[in-house]
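Biologist: Let's go through the ligand sites together. I'd like to hear the reasoning behind each label.

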Amino acid sequence: MKLYNSATRKREDFVPNHPDIVKMYTCGPTVYHYAHIGNLRSYIMEDVLEKALRYEGYPVKRVMNITDVGHLTSDADEGEDKMLKGARREHKSVMEIAKFYTDAFFSDCAKLNIKTPDVVEPATNCIDEYIKIISKLMDTGYAYFAGGNVYFDTSKLERYYIFNDFSAEDLDVGVREGVEEDLNKRNKNDFVLWFTKSKFEDQALKWDSPWGVGYPGWHIECSGISMKHLGEDLDIHCGGVDNAFPHHTNEIAQSESYLGHKWCNLWFHVAHLNTSSGKMSKSSGEFLTVSLLEQKGYDPLAYRFFCLQSHYRKSLVFTWENLDNAQLAYNKLTARVGALKPEDGPVDEAALAAMKERFLNALDNDLNSSLAVTAVYDVFKAKTNDATKLAAIGDFDRVLSLDLIARGEQKRQELKRQAVTAGQFTVVSESGESDPEVEAKILARQEAKKAKNFAEADRIRDELKAAGIEVTDIPHGAKWKRI
Ligand code: AMP
Ligand code: ZN
């Protein structure tokens with residue numbers, strides 16, 4: 001499998017460090033608000049990566065943190081803790097907020113068929129880990145104490161910037177206008193490992209430490225949690241591209257200084273979901289959630305489908321029109337699956353292997369999910385029976401997770417029900433899609449014909465034609481298509 005590594009800026013053959021396990025770490029959500037569909041784009045693509053690795057036979061152990069402390073409103077160690085801000089906004093305690101939004105996050109993930117990682121660890125659970133790492137960094141001179149906080153000294157490193165192929169805009173993400181310079185820092189990129197002093201003295205969660213009562217910085221939590229569950233090395237570290245700097249850069253700095261050797265082999269960064277007004281973010285701009293999509297009548301899996309149609313390293317523009325198109329295409333796809341006859345067997349193993357090969361090639365090509373989706377469409381064109389096609393689609397869906405077989409079955413049942421409600425008269429579309437409005441009009445035309453009201457029947461047919469629908473009579477029914 002070839003994957004792009006942001007740290008080397010190359011596509012590389014993926015080779016795990018250990019034959020018996022692929023160690024994968026994912027930066028989890030900061031649980032002070034709902035995840036927006038931009039955050040969830042990152043989690044969908046990381047889910048596809050994990051499932052692709054499993055599909056290829058790798059045993060994966062995936063760990064995710066839950067950020068419930070220490071992520072300040074600016075990634076440059078400034079402002080108040082996002083959790084505290086959320087708690088104040090909702091007149092709840094920080095822990096209540098954390099629980100509520102952690103549950104909401106996993107409920108959104110379930111709707112999008114995102115598998116829960118093997119280990120999910122809240123940052124507040126691992127204070128001892130952070131203290132252990134920071135203590136050693138202090139002992140070895142990589143960290144210093146100033147003005148009540150412990151800082152990492154970036155001047156001690158030969159190379160600090162790892163991901164310098166990102167645009168100036170990406171590198172600026174953490175720095176906000178109007179943020180005062182922290183005069184305790186020896187170098188501008190130094191970052192806080194442990195806070196005991198901040199301008200916001202009402203920080204709710206604090207712990208004892210060798211440097212005084214306080215709380216950890218955001219970056220140290222991912223190093224600590226990863227080492228707690230995955231040991232001293234990592235195969236893949238994932239996150240959205242905004243995490244590359246400063247978050248992942250600082251994770252590498254502190255982890256490698258602590259360990260004394262290389263930490264993570266491959267960095268997998270998902271490009272942003274943007275709206276017409278820029279990057280979707282929790283603090284500004286349009287904030288779209290899975291629940292909002294549902295309220296507007298969209299299927300969350302149509303959003304997953306929308307994400308899969310683009311490569312993870314390209315930014316993706318969200319518009320309602322794009323989502324409408326994805327929903328329509330998803331409906332058509334599931335209807336086509338529903339039109340396949342499961343009893344049309346047996347499975348042709350040679351044909352199945354050829355289709356799987358295509359799918360695998362798409363995944364191997366830096367996780368080209370849009371080609372992987374094309375491999376599904378190619379199945380319909382294959383010269384083989386329906387049972388083989390269904391076997392291929394079910395197999396691919398282990399990675400795509402679009403519920404193609406179950407939704408196809410639903411569509412099959414819907415069509416059957418429609419046929420029953422209309423007596424002997426069946427309405428079908430050539431593409432396999434269903435459209436209740438069109439179907440109702442075709443049934444009304446049939447009623448008019450039965451009542452010998454041919455003028456009305458013709459009127460309805462003309463009305464449908466004007467709406468771009470062509471109706472053809474078939475034995476015991478009618479079929480329609482868009483023209
Ligand atoms: P947060 O909850 O803010 O810590 O972010 C959770 C994940 O979402 C991180 O991996 C971010 O890099 C990622 N992320 C944030 N905004 C976007 C976006 N607009 N598009 C894609 N991923 C994003
Ligand atoms: Zn992280």
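Biologist: What makes the pair between D242 and ligand 1 a polar contact?

Modeller: A polar side-chain atom of D242 sits 2.5 Å from an oxygen atom of ligand 1. A polar contact is a pair of N or O atoms within 3.5 Å; within protein, one must be able to donate a hydrogen and the other to accept it, and residues adjacent in sequence count only if both atoms are side-chain atoms. So 2.5 Å qualifies. S42 offers a side-chain N or O atom 2.8 Å from a nitrogen atom of ligand 1, and G240 has a backbone N or O atom 2.9 Å from an oxygen atom of the ligand.

Biologist: Before we go on, what are we looking at?

Modeller: It's a predicted model, where local features need pLDDT of at least 70, side-chain atom pairs count only at pLDDT 80 or more, and totals for chains, interfaces and linings use all residues. Residues are numbered from 1 along each chain as written, chains are lettered from A and ligands numbered from 1 in the order written, and side-chain values use heavy atoms, without hydrogens and water.

Biologist: What makes C27, C222 and H247 donors of the zinc ion (ligand 2)?

Modeller: Donors are N, O and S atoms within 2.8 Å of the metal (3.2 Å for Na, K and Ca); water is not among the atoms, so sites may look incomplete. C27 (SG), C222 (SG) and H247 (NE2) lie 2.0 to 2.1 Å from the zinc ion, so they qualify. Their spacing is C-x194-C-x24-H.

Biologist: Why are C27 and C222 called buried?

Modeller: Both are buried, meaning under 20% relative accessible area (exposed is over 50%, partly exposed in between; 1.4 Å probe, protein chains only).
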